[in-house]
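The following paragraphs go through a structure step by step, from its core to the contact between its chains and then to its strands. Please keep the sequence and the coordinates at hand while reading.

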Amino acid sequence: MRIEADLGKCDGLGMCEAMAPDFFEVGDEGTVVVLDERPGEDHRQDLAAAVDACPVLALKLRD
Amino acid sequence: MTFVVVGASLAGLRAVESARRTGYRGRIVLIGAEDHLPYDRPPLSKAFLDVDGPGEVEPFRSEAVLRDELGVELILGAPAENLDTAAREVAVGGTAIPYDALVIATGATARRLPGARALRTAEDAVAVRAALDRGTRIVVIGAGFIGSEVASAARKRGLPVTIVEASPVPLARAVGEVAGAALAGLHHVAGTELRLAAEVTGVADGGVRLATGEVLPADLVVAGIGALPATGWLEGCGLTLHERDRGVVCDATLAAGPPGVYAAGDVAHVANPLFDGEPMRLEHWTNAAEQGAAAARHALDPASARALEPVPYFWSDWYGHRIQFVGTQHADEVVAQGATTLYRRGDRVVGALTVDRPREIMKYRRRIAARAPWSEALAFAGAA
């Protein structure tokens with residue numbers, strides 16, 4: 001599983017960090033930093049919640 | 001089996017998407033009062049108003065995706081007229097649509113002042129954007145978040161703008177007086193004239209008339225004076241509507257009472273176990289998304305229903321500054337520390353507001369969700 005963050009869309013609102021803080025953090029510049037781009041399958045539920053929670057639809061999960 | 005969702009904005013969209021994701025294969029009907037596919041509202045008072053903003057309001061999903069991929073029957077431009085919880089029917093356009101499960105997500109309607117524009121719908125945004133393009137003199141009534149964002153858009157174009165606010169401190173109900181007063185300072189720095197404790201007696205040709213007799217000249221008047229739950233169609237149907245604003249009163253699972261009936265988003269008053277059961281009606285993007293998805297799951301499988309404990313979150317962009325708030329402002333003590341304001345209830349941190357601290361805000365949200373002690377939030381603020 002791979003996390004794709006579209007930094008052109010990202011507005012740094014941080015909902016991904018709220019849902020899955022081990023994988024996302026908003027940086028001081030106000031865009032997301034993906035902490036681990038290839039997470040294990042057992043994190044799928046939290047990551048899907050992060051994707052859904054993004055107010056600008058900047059995140060995708062790819063298998 | 002028929003799943004009916006009334007309200008075709010974010011909460012309603014998330015409800016139908018969530019229904020399909022849970023594996024539900026039955027009929028879905030999505031009813032919307034506006035003649036638009038579901039679209040995103042926060043940008044309407046932000047990027048949409050910019051000189052180089054998008055000229056059109058794009059829907060979240062195309063009609064083809066909604067109809068063909070999600071299998072949703074769309075009834076748009078048609079407000080629901082009645083709910084019969086005994087017969088389990090929603091009336092719309094003179095037709096009764098039977099339901100087995102129902103999500104009420106009709107949202108809120110902007111309070112409007114005669115002669116003034118609100119900013120709630122796509123049409124409102126197009127009109128305000130066009131007025132800004134013409135280089136209009138603008139007066140904003142109400143120094144809340146929407147009004148402040150409109151003022152910000154005007155200043156970004158170098159246009160003069162005045163905000164008229166009835167309260168002595170803006171945003172006191174949303175963020176408390178300490179933070180409200182601090183945020184007012186952003187208007188002054190940006191050159192927006194802010195008239196506090198000012199009473200508007202009317203909007204007439206050419207301007208806004210104040211109780212003092214003064215008339216503030218304006219080509220466009222925007223009223224950002226709040227929104228009320230769109231529940232006129234539910235009066236007398238047996239649901240409990242809130243005594244103050246007529247929102248739908250729900251339990252913490254979003255159940256509205258009658259079998260199969262749930263509510264989500266701006267329309268719903270929900271007791272929040274995270275804050276001592278404080279009843280909350282939130283007009284926030286994240287709340288609509290989360291409740292919409294949960295209400296669908298619960299309506300389709302009531303046995304799976306569980307109490308939600310959301311941490312409210314909203315953001316606003318003024319003059320290039322990012323304002324973010326998490327939690328509740330109903331606190332025993334409020335402490336301002338630089339660009340951060342913290343809210344204490346008992347020995348817990350229950351709220352945090354930051355200005356231009358995008359890296360920090362979710363650290364507070366996590367602590368609020370975990371019922372973390374006040375001392376921990378203060379220590380983080382000191383170290384951050």
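In this predicted model, the largest nonpolar core has 136 residues, and those that touch the most other members are B:A15, B:I31, B:V103, B:A263 and B:A264. The element that gives the most to this core is helix α6 of chain B, residues 285-300, with nine residues. B:A264 can serve as an entry point. Leaving aside residues up to four places away in sequence, B:A264 touches B:A11, B:A15, B:V103, B:A105, B:L254, B:A288, B:Q291, B:G292 and B:A295. Among these partners, B:A15 and B:V103 are themselves listed with the core residues that touch the most other members.

The domain assignment of chain B puts residues 2-110 and 227-304 in domain 1, residues 122-223 in domain 2 and residues 320-383 in domain 3. Between domain 1 and domain 3 of chain B, the C-alpha centres are 30 Å apart.

The next element to examine is helix α7 of chain B, which covers residues 361-369. Seven of its nine residues are buried, so the helix is largely enclosed by the rest of the structure. The buried residues of α7(B) are B:I361, B:M362, B:K363, B:Y364, B:R365, B:R367 and B:I368. What do the buried residues of α7(B) pack against? From chain A, the partners are α1 (15-19) and β2 (24-26). From chain B, they are the strands β21 (313-318), β22 (321-327) and β25 (348-355), together with α8 (374-383). After α7(B) comes B:R371, which has a positive phi near 55°.

The packing of α7(B) against elements of chain A leads to the contact between the two chains. Here twelve residues of chain B are in contact with 14 residues of chain A. On the chain B side, the elements that give two or more residues are α6 and α7 of chain B. The largest share, four residues, comes from α7(B). Sorted by class, the side of chain B that touches chain A consists of seven nonpolar, one polar and four charged residues. Helix α6 of chain B thus appears in two places: it gives the most to the largest nonpolar core, and it also gives two or more residues to the side that touches chain A.

The strands of chain B come next. An open sheet of three strands has the order β4-β5-β6 (chain B), with antiparallel pairing. Its edge strands, each pairing on one side only, are β4 (80-84) and β6 (95-98) of chain B. On average, neighbouring strands of this sheet are turned by 25° against each other, direction ignored. Four bridges join β4(B) to β5(B), residues 89-92, and B:N82 has B:A91 in β5(B) as its bridge partner.

Two hairpins share the strand β13(B). In the one formed with β12(B), strand β12 (residues 200-204) and strand β13 (residues 207-210) of chain B run antiparallel and are joined by four bridges. B:A204 stands opposite B:G207 in β13(B). Two residues lie between these strands, and B:G206 takes a positive phi near 95°.

The other hairpin pairs β13(B) with strand β14 of chain B, residues 215-217, through three bridges, again antiparallel. B:V208 has B:L216 in β14(B) as its bridge partner. Four residues lie between β13(B) and β14(B), and in this turn B:G213 has a positive phi of about 100°.

Terms used: Residues numbered from 1 in each chain as written. Chains lettered and ligands numbered in written order. Predicted model: local features only at pLDDT ≥ 70, side-chain atom pairs only at ≥ 80, totals over all residues. Core = buried A, V, L, I, M, F, W, Y, C linked by C-beta atoms within 7 Å. Buried ≥ 20, exposed ≤ 12 C-beta atoms within 10 Å, placed from the backbone. Contact = placed C-beta atoms within 7 Å. Nonpolar A, V, L, I, M, F, W, Y, C, P; charged D, E, K, R; others polar. Pairing = 2+ DSSP bridges. Axes fitted to C-alpha atoms, helices over the stretch in contact; angles between N-to-C directions. Domains from an automatic or database assignment.
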